[in-house]
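Ready to work through a protein fold by hand? Below you'll find a few exercises, each with a step-by-step solution. Have a look at the picture before you start.

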Amino acid sequence: MKKTNKRITPELITELSRCEIFVFGSNLEGQHHGGAARTAYEKFGAEWGVGDGPTGRCYAIPTMFKDIEDIRPYAEKFIDYAKAHPQNRFLLTRVGCGIAGFNDIDMAQLFQDCMESSKHNASQRVAGRDAD
């Protein structure tokens, strides 16, 4: 049987090790009223008013949009950030699946597509070609 390297983020995160980053869904305004955003604010130093990118011991991904495709550039930005910080372990919560109302399968597919796109673009840069 082939061993996979997949990890599952715990449902309830109450503490972080020194290398862990809490990744949560937010709104662009950074008003962390509920769900994982509230946890990020109350427990892990997410700053009020920061709704995108690194904040405290967290990373905010805006998800409060009508169309899931509007999340794509923020997911791509997060993947690039995570790749640039290999010393960290990113605990990705069910981003977009709570208050934002998207389903787990669609969000997982969005992140998978972004990771594959990132690999493709990196291989084109290494080969000396521009990304499509």
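## Exercise 1: The sheet

Four strands form an open sheet with mixed pairing, in the order β2-β3-β1-β4. Strands and helices here are DSSP runs, numbered from the N terminus: E of at least two residues for a strand, H or I of at least four for a helix. Two strands pair if DSSP finds at least two bridges between them.

Before we go on, a word on the source: this is a predicted model, where local features need pLDDT of at least 70 and side-chain atom pairs count only at pLDDT 80 or more, while totals for chains, interfaces and linings use all residues. Residues are numbered from 1 along each chain as its sequence is written, and side-chain values use heavy atoms, with hydrogens and water left out.

**Task.** Work out which strands stand at the edges, and how each pair of neighbours runs.

**Solution.**

Step 1. Start with the edges. β2 and β4 each have a single partner strand, so one side of each has no neighbour in the sheet. From one strand to the next, the twist averages 30°.

Step 2. Recall how strands join up. Strands of a sheet pair through backbone hydrogen bonds, either parallel or antiparallel.

Step 3. Take the pairs in turn. β2 and β3 run antiparallel and are joined by three bridges; Gly-53 has Ala-60 in β3 as its bridge partner. The hairpin of these two strands has two residues between them, and Gly-56 there takes a positive phi near 60°.

Step 4. Move on to β1. It runs parallel to β3, with five bridges joining the two, and Phe-22 stands opposite Cys-58 in β3. β1 also pairs with β4 in the parallel sense, over four bridges, and Val-23 has Leu-92 in β4 as its bridge partner.

## Exercise 2: Helices against the sheet

**Task.** Find out which strands α1 touches and which strands α2 touches.

**Solution.**

Step 1. Get the running order. The chain has three helices and four strands, and from the N terminus on they run β-α-β-β-α-β-α.

Step 2. Look for contacts, meaning heavy atoms within 4.5 Å. α1 packs on the sheet and touches β1 and β3, while α2 packs on it too, touching β1, β2, β3 and β4.

Step 3. Add the directions. Axes are lines fitted to C-alpha atoms (for helices, over the stretch in contact), and angles run from 0 to 180 degrees between N-to-C directions. On that basis α1 makes about 135° with β1, and α2 about 160° with β3.

## Exercise 3: A strand under cover

**Task.** Is β3 largely enclosed or left open by the rest of the structure?

**Solution.**

Step 1. Set the scale. Buried means under 20% relative accessible area, exposed over 50%, and partly exposed in between (1.4 Å probe, protein chains only).

Step 2. Apply it. Five of the five residues of β3 (residues 58-62) are buried, so the strand is largely enclosed by the rest of the structure.

Step 3. Check the faces. In a regular strand the side chains alternate between the two faces of the sheet. Here, Cys-58, Ala-60 and Pro-62 point one way, and Tyr-59 and Ile-61 the other.

Step 4. Compare with the chain. Buried residues make up 34% of its 132 residues.

## Exercise 4: Charged pairs

**Task.** How many salt bridges are there, and which parts of the chain do some of them link?

**Solution.**

Step 1. Fix the rule: a side-chain nitrogen of Lys or Arg within 4 Å of a carboxyl oxygen of Asp or Glu. The count by this rule is six salt bridges.

Step 2. Take Arg-89 and Glu-20, whose side chains meet at 2.8 Å, N to O. Arg-89 is in β4 (residues 89-92) and Glu-20 in β1 (residues 20-26), so the pair ties together parts 69 residues apart in sequence. Glu-20 is buried at 12% relative accessibility, whereas Arg-89 is partly exposed at 37%.

Step 3. Next come Glu-42 and Arg-38, also joined by a salt bridge. Both lie in α1 (residues 35-43), four residues apart, about one turn of the helix.

Step 4. Try Lys-77 and Asp-52, which meet at 2.8 Å, N to O. This pair links distant parts of the chain: Lys-77 is in α2 (residues 72-84) and Asp-52 in the loop between α1 and β2, 25 residues apart.

Step 5. Finish with a network of salt bridges, which links Glu-69, Arg-72 and Asp-113.
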